[in-house]
Amino acid sequence: MSESDPKPDFDPARAWRDWFVQNERGWSEAMANFMKKDDVSQAMGKEINAAVLAQHMMSQGMTGPMAMMNMPTREDVVALSERIGRLEDAVARIEAALTTALDAGATKPARTRKPPRGKRAPE
Amino acid sequence: MLEDMIASSRADLAALEAEMIAETATTPKQLIYARDTLRLYHYLPQADTVFRVPLLLVMSPVSKPYIFDLTPGQSLIEHFLQAGFDVYLVDWGTPRSEHASLDVDDYVADWIPDCIARIQAHCGEKDITLLGYCLGGIFTSLYAARFADGPLKNLLQIATPVNGEGMELQRKLVTSDGFDPDLLVDTYGNVPAWMIEAAFQFMRPLQKTSGQLMLLNTMDDRENVKAHLRITRWGADALPFAGAAFRTLIRDFIIGNKIIRGEFEVAGKAVDLGAIRVPLLHLLAEHDHVVPFASSHDLVRLAGSADKEQMVIKGGHVSLVTGQRAVTRTWPHLVEWLAPRSV
């Protein structure tokens, strides 16, 4: 390097980020190994169960108040989304039928392609 | 002043995201069959002649299949098309509450054979190659073993778990007498998408933070930022898991380890991986945290194929199907393997 070349600025934040990225896999593995311990995985499993039940109870409990406020519940939004999903399915069936009908007479490439010379499958 | 800067940054990010979405899954395709949430696509050939045997890509039901067609130059589908393959893709779609009873049987013994029949009618060929990725690989392996006298010509597997004991973290969670999968399915019907995404993060807890820090280091490179956002968007775009299929895989695969024991039932019959006789290539990653090496490396050993190969790359779950190394090394090997077996 010549004397006239500017010295790159040292960026401690960038160096810290590089250090974190380089070590992440090892730390993640250590955390995953910790989660494999019986008591830890059991506690985590119970937390998940509790969260599922709490959310279920919460959504049931909110149905009445939401109706009183004339607001849609999560179930109402999900039901609407599912109706849209069924409409999308119907449109897709029509699109597929039309594509197949229009494609019937189209010229297709010959199915005669060969692998490069010397490349053969084992017998 | 600060408000203007924040608004400007938000606008830049929104523009970048819009640009990135417009560049995703752009390989020209046609929808040739739809049934419930299932969509079967045919990609328009990009060569004058194609190999005789068509190729069907089968994605995991909990991830969107655009990872196979991420963006031009980073698309496995585009790579196959340019190499002269006739490519089809099954997209399982997003299950709704009415699909909570969809089971592994439905995917393996009904939807896959149905797609194959549609492809046979569409292209006029009887034989077919299946490519299964992740959970989609479980479905294609089970199909290959259960319908060994069917039209399957080749089996290309990517990160396919077959040994439930190798899925250590998931197995520990469901056998530790804490987590109750039945409670989850009975409460929600289908396993919600946010839980699937959380489960992926749980397997490598600091990866997301690491990705964000790495992004800060490369903020000046617009293409690099987009490449990063593409992958993180796909990772956050998980799909709900059909309740019955989730319950079966937890009970019979993760806990019972029935696939490797030849006891996993499909359409009323126990499936033995030794019944797979077609040429088989299994591609797996050494540092795959989603499908650990210990859960996937037995497939080739157990398959009854005379022509079988296992290819292990350095890297993780996603680097098998995208990224620079996949483009320059992995995909060319897939094409080199498949081409002579597709005539």
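B:Ala83 counts as buried, because its relative accessibility is 19% (buried means under 20% relative accessible area, exposed over 50%, partly exposed in between, with a 1.4 Å probe and protein chains only). B:Ala83 sits in the loop between helix H2 (76-82) and strand E4 (87-91) of chain B. Helices (H or I, at least four residues) and strands (E, at least two) are DSSP runs, numbered from the N terminus. Not counting residues up to four places away in sequence, B:Ala83 touches A:Arg113, B:Phe51 and B:Val335; contact means heavy atoms within 4.5 Å. B:Thr49 is 34 residues from B:Ala83 along the chain, and their C-alpha atoms are separated by 10.0 Å.

This is a predicted model, in which local features need pLDDT of at least 70, side-chain atom pairs count only at pLDDT 80 or more, and totals for chains, interfaces and linings use all residues. Residues are numbered from 1 along each chain as its sequence is written, chains are lettered from A and ligands numbered from 1 in the order in which they are written, and side-chain values use heavy atoms, with hydrogens and water left out.

**The contact between the chains**

A:Arg113, a contact of B:Ala83, leads to the interface. How many residues does each chain bring to the contact? Chain A gives 50 residues and chain B gives 60 residues. Together the chains bury about 4,900 Å², and 58% of that is on carbon and sulfur atoms. Buried area here is the accessible area (1.4 Å probe) that two parts lose on being put together, summed over both. A:Lys36, A:Arg111 and A:Arg113 supply 17% of the area that chain A buries against chain B, more than any other three residues.

**The two chains**

Chain B holds 14 helices and ten strands. Chain B is as compact as a globular protein of its length, because its radius of gyration is 20 Å, close to the 20 Å that the globule rule gives for 343 residues. That radius is taken over C-alpha atoms, and the rule is 2.2 Å times the number of residues to the power 0.38. Along the principal axes, the C-alpha atoms of chain B fill a box of roughly 70 × 60 × 40 Å. Among contacts in chain B with a separation of 6 or more, 79% join residues 24 or more positions apart.

Chain A has three helices and zero strands. Its pattern along the sequence is α-α-α. A compact globule of 123 residues would have a radius of gyration near 14 Å, but chain A has 30 Å. The C-alpha trace of chain A spans about 70 × 60 × 45 Å along its principal axes.

Buried residues make up 59% of the 343 residues in chain B. In chain A, they make up 18% of the 123 residues.

The table covers surface and charge. Accessible areas come from the Shrake-Rupley method with a 1.4 Å probe; for residues, only the protein chains shown count as cover. Lys and Arg count as positive and Asp and Glu as negative, while His and the chain ends are not counted. Each charge is placed at NZ of Lys, CZ of Arg, CG of Asp or CD of Glu.

| Chain | Exposed area | Carbon and sulfur share | Charged side chains | Distance between charge centres |
|---|---|---|---|---|
| Chain A | about 9,700 Å² | 61% of the exposed area | 18 positive, 18 negative | 12 Å |
| Chain B | about 13,100 Å² | 53% of the exposed area | 31 positive, 42 negative | 4 Å |

**Buried sites in chain B**

B:Thr129 lies in strand E5 (residues 128-133). At 1% relative accessibility, B:Thr129 counts as buried. Leaving aside neighbours within four places in sequence, its contacts include B:Val53, B:Pro54, B:Leu152 and B:Leu338.

B:Pro65 is in the loop between strand E3 (55-58) and H2. Its relative accessible area is 9%, so B:Pro65 is buried. Beyond neighbours within four places in sequence, B:Pro65 is in contact with B:Met59, B:Leu89 and B:Asp91. The C-alpha atoms of B:Pro65 and B:Gln30 are separated by 15 Å, with these positions 35 residues apart along the chain.

**Positive phi**

Most residues other than glycine have a negative phi. Which sign does phi of B:Asp36 have? Phi of B:Asp36 is positive, near 50°. B:Asp36 lies in the loop between strand E1 (29-35) and strand E2 (38-43). With a relative accessible area of 32%, B:Asp36 is partly exposed.

B:Cys134 also has a positive phi, about 60°, although it is not a glycine. B:Cys134 is found in the loop between E5 and helix H4 (135-146). B:Cys134 is buried, with a relative accessible area of 9%.
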